[in-house]
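This briefing concerns the structure shown below. The points that follow are grouped by topic.

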Amino acid sequence: MSGKIIPSSPPVVSRELTSTPKMGESRFPWKKVMVVGLCCLVGVAAVLAPIFLYPAYVALRRSPSNQYQETVHELCPAQRFSEESLSVVKFPSEPALVLKEKTRIENKCKELILRNAHEKPSTLPNQQAWESFIAKQTSIHHALIAKIATSQEIDSAHNLWGGSGKIVALPELPGIIFKMSPSQISADQEKYAKDRFLQNIKAQQICEEEGLDKLRVPCVALIELEVNHKKVWLIAEEKLPIIGNRYEDFRTHLKLMNSDPQLHPIIDEMLRQLVIFIHRFSLSDLKPNNMPFLGTGVKFALVDLSIQLPPEISIYSLTDPTVLSNYVEARNLDHIQKLVKEIDPARWKDFNFTAAEQRFRKHLKCLEKQEQTLLKRGLLLSSRTPIKEPILDTLSSFEREIAKDFIKKINTKLKQGKFSNEYRAVYIPSCEIKYSDTTKREQAFSALSNRIIPLLIENEVIFDCKGSLDYELTVYC
């Protein structure tokens with residue numbers, strides 16, 4: 001948006017002064033004093049006006065890329081009152097007060113979700129407009145984008161992990177995320193960029209054909225540059241406002257929508273559209289950071305379409321933690337099973353849903369018990385209380401060595417404040433588990449999973465394995 005700020009004309013101040021007072025009038029020069037005072041006020045206003053008007057001026061000068069973002073009024077509950085988000089609020093230690101505070105925040109979320117669900121959808125940018133916009137930005141910022149494409153160091157760059165590729169965001173180009181192949185070989189870059197470009201175009205077409213208005217696929221543009229007589233390729237993708245890309249953000253929002261009958265039709269329709277899309281596009285790798293809630297709270301943002309596998313694997317795979325069933329709740333599992341049978345009866349006719357869902361339903365029961373225990377404790381973000389060593393007499397000397405080192409690592413992270421959310425989740429990568437040498441690694445993992453962790457669970461220390469013990473442990477203490 002561009003515009004001119006036209007300065008207003010200065011006020012005209014009368015200079016008519018009376019040199020000698022008339023009979024009965026005061027000799028004190030009141031008019032002169034008033035004129036001087038008025039001039040002072042004008043001077044002060046002239047100094048202060050730029051200070052107060054500067055934010056408005058900045059707003060008028062904002063980058064045109066903002067027109068491609070959802071309106072601020074449609075931002076998600078967590079973003080609309082981020083200072084009150086569950087990862088920031090220091091809840092009182094009394095369990096009843098914790099529950100009351102959670103309820104207050106959830107009610108604000110619910111109001112916004114219901115309002116957004118019934119508001120007229122905002123106008124979304126079309127692909128052609130986005131490509132035209134990126135072409136203009138590439139012309140203006142050619143040198144900067146060339147640095148991104150050739151992996152040169154940029155002080156202001158925010159580098160994000162993108163699995164098989166690189167993702168870079170720059171404050172100089174808000175509203176845009178650049179994605180590219182990690183390879184410097186031109187052919188690899190071209191294939192990476194074109195594959196992802198075509199995937200997004202196909203996804204947009206499916207959403208349009210099926211009327212999937214609860215899904216949002218970002219617009220993308222394919223950029224080809226010549227740098228030092230060599231062609232480089234990358235993708236410029238629309239940056240969508242989302243609720244958050246953590247599992248906790250996704251689960252908190254989903255749990256809220258499942259807990260209130262008023263919100264059931266909204267989440268059910270969102271999942272219906274998502275399951276249709278999974279069947280048509282074969283979308284896989286369904287982690288919360290790949291399909292976060294859009295800022296409105298009533299749409300899914302599909303921000304990574306790179307992996308495509310059959311629906312059976314994408315929804316129910318027992319060997320892959322990045323499947324849809326791993327992140328939904330019990331009533332959602334029932335709904336999804338009904339949906340897949342309706343969408344493609346032949347594909348799912350002989351599928352064993354009971355066996356496929358068993359692991360996910362067991363996981364949900366563990367989460368429910370965990371949340372009850374944590375609520376009972378009324379834990380605070382500011383708490384530094386270390387976990388206590390249980391009686392280790394039943395363990396062997398090797399197991400005690402592993403256990404003491406493991407507990408020490410947890411308490412060190414607690415002391416340093418290296419935990420997240422009000423549940424005080426501490427993450428312990430497998431590489432931090434102590435073992436004397438490589439031959440004892442299996443013994444250390446076995447001791448943790450079979451002896452040490454069950455002993456700590458008896459002392460209300462709750463564990464969650466992300467994927468497998470070989471990857472990472474989440475400890476709620």
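Is Glu210 buried, partly exposed or exposed, and what is its relative accessible area? Glu210 has a relative accessible area of 36% and is therefore partly exposed, given that this class lies between 20% and 50%. The model is predicted, and the residue serves here as an entry to the salt bridges, the core and the strands.

**Salt bridges**

- Glu210 pairs with Arg280 in a salt bridge, with 3.2 Å between the closest N and O atoms.
- This pair connects distant parts of the chain, since Arg280 belongs to helix α8 and Glu210 to helix α6, 70 residues apart.
- Arg280 is also classed as partly exposed, at 37% relative accessibility.
- Glu209 joins Glu210 and Arg280 in a network of salt bridges.
- Lys179 and Glu237 form a salt bridge through their side chains, at 3.1 Å from N to O.
- That contact likewise links distant parts of the chain: Lys179 is in strand β3 and Glu237 in strand β6 (residues 230-238), with a separation of 58 residues.
- Lys179 is buried at a relative accessible area of 13%, and Glu237 is buried at 4%.
- Glu224 and Lys231 form a salt bridge whose closest N and O atoms are 2.9 Å apart; Glu224 is partly exposed at 40%, and Lys231 is partly exposed at 43%.
- The count of salt bridges comes to 18.

**Helix α8 and the nonpolar core**

- Helix α8 comprises 18 residues (264-281), for which a rise of 1.5 Å a residue predicts a span of 26 Å; the end C-alpha atoms lie 25 Å apart, in agreement with that value.
- Of the 18 residues of α8, 14 are buried, so the helix is mostly covered.
- Ser282, just after α8, adopts a positive phi of about 60°.
- The largest nonpolar core has 50 residues, among which Leu274, Phe277, Phe293, Phe300, Leu302 and Leu324 touch the most other members.
- Helix α8 makes the greatest contribution to this core, with ten residues.

**Strands β2 and β3**

- Strand β2 (residues 165-169) has four of its five residues buried and is therefore largely enclosed by the rest of the structure.
- Four bridges pair β2 with strand β3 (residues 176-180) in the antiparallel sense, and Val168 stands opposite Phe178 in β3.
- The two strands β2 and β3 form a hairpin with six residues between them, and Gly175 in the turn has a positive phi of about 85°.

**Surface patch**

- A nonpolar surface patch consists of Ile307, Leu309 and Ile313, which together have about 200 Å² of accessible area.
- Ile313 is located in helix α9 (residues 311-316) and is partly exposed at 35% relative accessibility.

How values were computed
Residues are numbered from 1 along each chain as its sequence is written. This is a predicted model: local features need pLDDT of at least 70, side-chain atom pairs count only at pLDDT 80 or more; totals for chains, interfaces and linings use all residues. Side-chain values use heavy atoms; hydrogens and water are left out. The expected span of a helix is 1.5 Å times one less than its number of residues. Buried means under 20% relative accessible area, exposed over 50%, partly exposed in between (1.4 Å probe, protein chains only). Patches are made of residues with over 30% relative accessible area and no salt bridge: like charges are joined within 9 Å, nonpolar side chains (Val, Leu, Ile, Met, Phe, Trp, Tyr) within 5 Å. Accessible areas come from the Shrake-Rupley method with a 1.4 Å probe; for residues, only the protein chains shown count as cover. A salt bridge is a side-chain nitrogen of Lys or Arg within 4 Å of a carboxyl oxygen of Asp or Glu. Two strands pair if DSSP finds at least two bridges between them. A nonpolar core is a set of buried Ala, Val, Leu, Ile, Met, Phe, Trp, Tyr and Cys residues joined through side-chain atoms within 4.5 Å.
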